[in-house]
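Got the model loaded in your viewer? Let's walk through it one selection at a time.

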Amino acid sequence: MAATVFYLDDIPEPGAIAVLDGAEGRHAATVRRIRVGEPITLSDGAGVLAESEVVAAQKDRLELQVSSRSLAEPVAPPVTVVQALPKSDRSELAVELMTEAGADVIVPWQAARCVSNWESKARKGVDKWRAAARSAARQSRRAYIPEVTDLHRTADVLGLVRKVKADNGVVAALHESGASRFTDLPFAGTSGVVLIVGPEGGLDDSELTALADAGAVPVLLGPTVLRTSTAAAVALGALGALTPRW
């Protein structure tokens with residue numbers, strides 16, 4: 001089994017001592033109870049990986065000797081998930097699942113039919129999603145922590161769709177009214193993929209029309225209707241098989 005991954009912004013060269021403290025150190029030393037002699041993989045969350053061994057352990061701090069460093073190549077094509085805000089009890093679950101399934105960028109979207117409303121608490125909501133993404137990335141041993149952007153309104157999402165299409169990307173709006181199948185989209189050679197997931201109440205008709213006009217393709221992901229909190233993870237799994245990501 002691979003060594004547990006923890007995140008450290010500045011990873012020293014092989015032979016040097018790295019100090020893991022703060023929230024990561026407390027989780028490693030107190031929650032996981034990692035002790036001297038155990039191997040740990042360090043990452044900066046931006047692709048750098050370093051193999052190390054614990055040489056000293058305190059209550060909320062570990063000292064580790066770094067033995068090697070490498071850079072993990074990012075997977076291609078990159079995938080951005082535009083996620084309409086789920087209900088509060090499933091919001092962070094959606095982030096965790098799409099992080100574990102490999103999302104590269106996560107965009108929280110205040111869609112028309114969202115039950116959740118972040119208009120007065122956008123910063124708090126984004127911070128929670130970023131923390132959830134970091135925790136899920138650690139659990140799934142990712143070298144890259146997905147970026148969680150600031151809250152997007154529909155106008156922002158339409159701008160993103162137009163930009164991706166102009167760059168020869170593929171934009172899929174997952175919707176039960178889609179006339180095309182997800183597997184029929186032209187993923188070969190694409191510069192990037194955007195997945196748009198609506199809220200529990202579904203995409204508003206005017207939103208779906210605007211997204212299609214901007215270049216998004218309404219598609220059926222499969223024969224069943226999925227929850228908004230699980231749709232992105234299922235689509236990411238399909239992309240892993242349909243593209244070189246896996």
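Where is the place of Pro-77? Select that residue and you land in the loop between β5 (61–71) and β6. Keep in mind as you click around that this is a predicted model. Now add Ala-76 to the selection: a cis peptide bond joins Ala-76 and Pro-77, with omega at about 0°.

**Stop 1: the two domains**

Colour 4–71 one way and 79–242 another, and you have domain 1 and domain 2. Taken over C-alpha atoms, the centres of the two domains are separated by 32 Å. How many residues of domain 1 are in contact with domain 2? There are 12 of them, and they meet 8 residues of domain 2.

Next, select 20–66. The UniProt annotation, from an unreviewed entry, labels this stretch "domain: Ribosomal RNA small subunit methyltransferase E PUA-like". With secondary structure switched on, residues 20–66 come out as 21% helix and 49% strand. Put a distance label on the C-alpha atoms at the two ends of that range and it should read 12 Å.

**Stop 2: the nonpolar cores**

Show side chains for Val-81, Trp-109, Phe-182, Leu-195, Ile-196 and Leu-211. In the largest nonpolar core, which has 50 residues, these touch the most other members.

Centre the view on Ile-196. Leaving aside neighbours within four places in sequence, Ile-196 is in contact with Val-82, Trp-109, Val-161, Val-171, Ala-172, Ala-173, Leu-174, Leu-211 and Ala-216. There's also a second, separate core of 16 residues, and Leu-20, Ala-50, Val-54 and Leu-64 are among them.

**Stop 3: aromatic pairs**

How many aromatic pairs are there? The count comes to 2. Start with Trp-118 and Trp-129: the ring centres are 5.2 Å apart and the planes sit at 75°, so this pair is edge-to-face. The pair links distant parts of the chain, 11 residues apart: Trp-118 is in the loop between β7 (105–109) and α3 (122–139), while Trp-129 belongs to helix α3.

Turn on a surface and ask: is Trp-118 buried or exposed? With 6% relative accessibility, Trp-118 counts as buried. Trp-129 is buried too, at 1%.

Now jump to the other pair, Phe-182 and Phe-187. This one is tilted, with 5.3 Å from centre to centre and 55° between the planes. Phe-182 has a relative accessible area of 2%, so that residue is buried; Phe-187, at 6%, is buried as well.

**Stop 4: along α3 and its loops**

Stay with helix α3 and pick Arg-138, which lies in it. Is Arg-138 buried or exposed? It's an arginine with 14% relative accessibility, and because the cut-off for buried is under 20%, Arg-138 counts as buried. Show what surrounds this side chain: setting aside neighbours within four places in sequence, Arg-138 is in contact with Val-5, Phe-6, Tyr-7, Glu-24 and His-27.

Now pick Val-115, in the loop between β7 and α3. At 58% relative accessibility, Val-115 counts as exposed. Draw a line from the C-alpha atom of Val-115 to that of Arg-138: the two residues are 23 apart along the chain, and the line spans 30 Å.

Two backbone oddities are worth a Ramachandran check. Arg-141, found in the loop between α3 and β8 (147–148), has a positive phi of about 60° although it is not a glycine. Arg-141 is partly exposed, with a relative accessible area of 35%. Asn-168, in the loop between α4 (154–166) and β9, also isn't a glycine, yet has a positive phi of about 70°. With a relative accessible area of 54%, Asn-168 is exposed.

**Stop 5: helix α6**

Finish by selecting residues 228–242, which make up helix α6. This helix has 15 residues and reaches 22 Å from its first C-alpha to its last, close to the 21 Å expected at 1.5 Å a residue.

Which residues of α6 are buried? Highlight Thr-228, Ser-229, Ala-231, Ala-232, Ala-233, Ala-235, Leu-236, Leu-239 and Gly-240. Then bring up what covers them, including β6 (79–84), α2 (88–100), β9 (170–174) and β11 (193–197).

Note on methods:
Residues numbered from 1 in each chain as written. Predicted model: local features only at pLDDT ≥ 70, side-chain atom pairs only at ≥ 80, totals over all residues. Heavy atoms only, no water. UniProt positions renumbered as here; feature names shortened; annotations may be inferred. Helix = DSSP H or I, 4+ residues; strand = E, 2+ residues; numbered from the N terminus. Phe/Tyr/Trp six-rings, centres within 6.5 Å; stacked < 30°, edge-to-face > 60°. Buried < 20%, exposed > 50% of the residue type's maximum accessible area, 1.4 Å probe, protein only. Core = buried A, V, L, I, M, F, W, Y, C linked by side-chain atoms within 4.5 Å. Contact = heavy atoms within 4.5 Å. Expected span 1.5 Å × (residues − 1). Domains from an automatic or database assignment.
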